[in-house]
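Q: I am new to this structure and would like to learn how its features are read, one at a time. Could we begin once the sequence and the model are in view?

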Amino acid sequence: MKYDVLRVLGMVMMVVCAQALVRLLVDNGDRGLLDGLPGGFLSTLVAYTVLTAAGVLLTGWAHSRARALGRR
């Protein structure tokens, strides 16, 4: 059960941050959830990229752990 929750959390984080990353690349003025982040465009771009990658890694890790336990 806990790996299913982590997988869903990783997927949500990946989708939200990837959508914000694309929106940032299309419209530089719209920084989304990380609007208050200091450093401007580049720091926001890096933050969304890292969070998207973290969502992908969390989802993959949780999936492999659930599979190792014979759940999927």
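Q: Does Val8 count as buried, partly exposed or exposed, and what is its relative accessibility?

A: Please keep in mind throughout that this is a predicted model. A residue is called buried under 20% relative accessible area and exposed over 50%, with partly exposed in between. Val8 has 46% relative accessibility, and therefore it counts as partly exposed; Val8 is found in helix H1.

Q: Which residues form a nonpolar patch on the surface together with Val8?

A: The patch joins Val8 with Met11, Val12, Val16 and Leu33, and together these residues have about 450 Å² of accessible area. Leu33 lies in the loop between H1 and H2, and because its relative accessibility is 71%, Leu33 counts as exposed.

Q: What is Leu33 in contact with, once its neighbours within four places in sequence are left aside?

A: Leu33 is in contact with Val16, Arg23 and Tyr48. A second way to place the residue is by C-alpha atoms: those of Leu33 and Ala20 are separated by 8.0 Å, although the two residues are 13 residues apart along the chain.

Q: How does the number of residues in H1 relate to the distance between its end C-alpha atoms?

A: The idea is to work out an expected span, which is 1.5 Å times one less than the number of residues, and to set it beside the distance in the model. H1 has 25 residues and should span 36 Å, and its end C-alpha atoms are 36 Å apart, so the two values agree. For H2, with 28 residues, the expected span is 40 Å and the end C-alpha atoms are 41 Å apart, which again agrees.

Q: Which residues of H1 are buried, and what covers them?

A: In H1 the buried residues are Tyr3, Asp4, Arg7, Gly10, Cys17, Ala20, Leu21 and Leu24, and what covers the buried residues of H1 includes H2. Seen from the other helix, the buried residues of H2 include Thr44, Leu45, Ala47, Tyr48 and Thr52, and H1 is part of what covers the buried residues of H2.

Q: Which residues make up the largest nonpolar core?

A: A core of this kind is read as a set of buried nonpolar residues joined through their side-chain atoms. Here the largest one has six residues, namely Cys17, Ala20, Leu21, Leu24, Leu45 and Tyr48. The elements that give two or more residues to this core are helix H1 (2-26) and helix H2 (41-68), and H1 gives the most, with four residues.

Q: What does Leu24, one of the residues of this core, touch beyond four places away in sequence?

A: Leu24 touches Asp30, Arg31, Phe41, Thr44, Leu45 and Tyr48. Tyr48 also comes up when distances between C-alpha atoms are considered, for Ala18 and Tyr48 are 7.2 Å apart in space while being 30 residues apart in sequence. Ala18 is found in helix H1, and with a relative accessible area of 26% Ala18 is partly exposed.

Q: How many salt bridges does the count come to?

A: Side chains of opposite charge can pair when their charged atoms come close. In this model the count comes to two salt bridges. Asp4 forms one with Arg7, where the closest N and O atoms are 3.4 Å apart, and because these residues are three residues apart in helix H1, Asp4 and Arg7 are separated by about one helical turn. The other joins the side chains of Asp30 and Arg23 at 3.1 Å, N to O.

Q: Are the partners in these salt bridges buried or partly exposed?

A: Asp4 counts as buried, at 14% relative accessibility, and Arg7 is buried too, with a relative accessible area of 13%. Asp30, at 30% relative accessibility, counts as partly exposed, and Arg23, at 23%, also counts as partly exposed.

Q: What follows H2, and where does Leu69 lie?

A: H2 is followed by Gly70, whose phi is positive, near 80 degrees. Leu69 lies in the segment after H2, and because its relative accessibility is 54%, Leu69 counts as exposed. Leu69 and Tyr3 are 66 residues apart in sequence, yet their C-alpha atoms are 10 Å apart in space.

Terms used
Residues are numbered from 1 along each chain as its sequence is written. This is a predicted model: local features need pLDDT of at least 70, side-chain atom pairs count only at pLDDT 80 or more; totals for chains, interfaces and linings use all residues. Side-chain values use heavy atoms; hydrogens and water are left out. A nonpolar core is a set of buried Ala, Val, Leu, Ile, Met, Phe, Trp, Tyr and Cys residues joined through side-chain atoms within 4.5 Å. Buried means under 20% relative accessible area, exposed over 50%, partly exposed in between (1.4 Å probe, protein chains only). Contact means heavy atoms within 4.5 Å. Patches are made of residues with over 30% relative accessible area and no salt bridge: like charges are joined within 9 Å, nonpolar side chains (Val, Leu, Ile, Met, Phe, Trp, Tyr) within 5 Å. Accessible areas come from the Shrake-Rupley method with a 1.4 Å probe; for residues, only the protein chains shown count as cover. A salt bridge is a side-chain nitrogen of Lys or Arg within 4 Å of a carboxyl oxygen of Asp or Glu.
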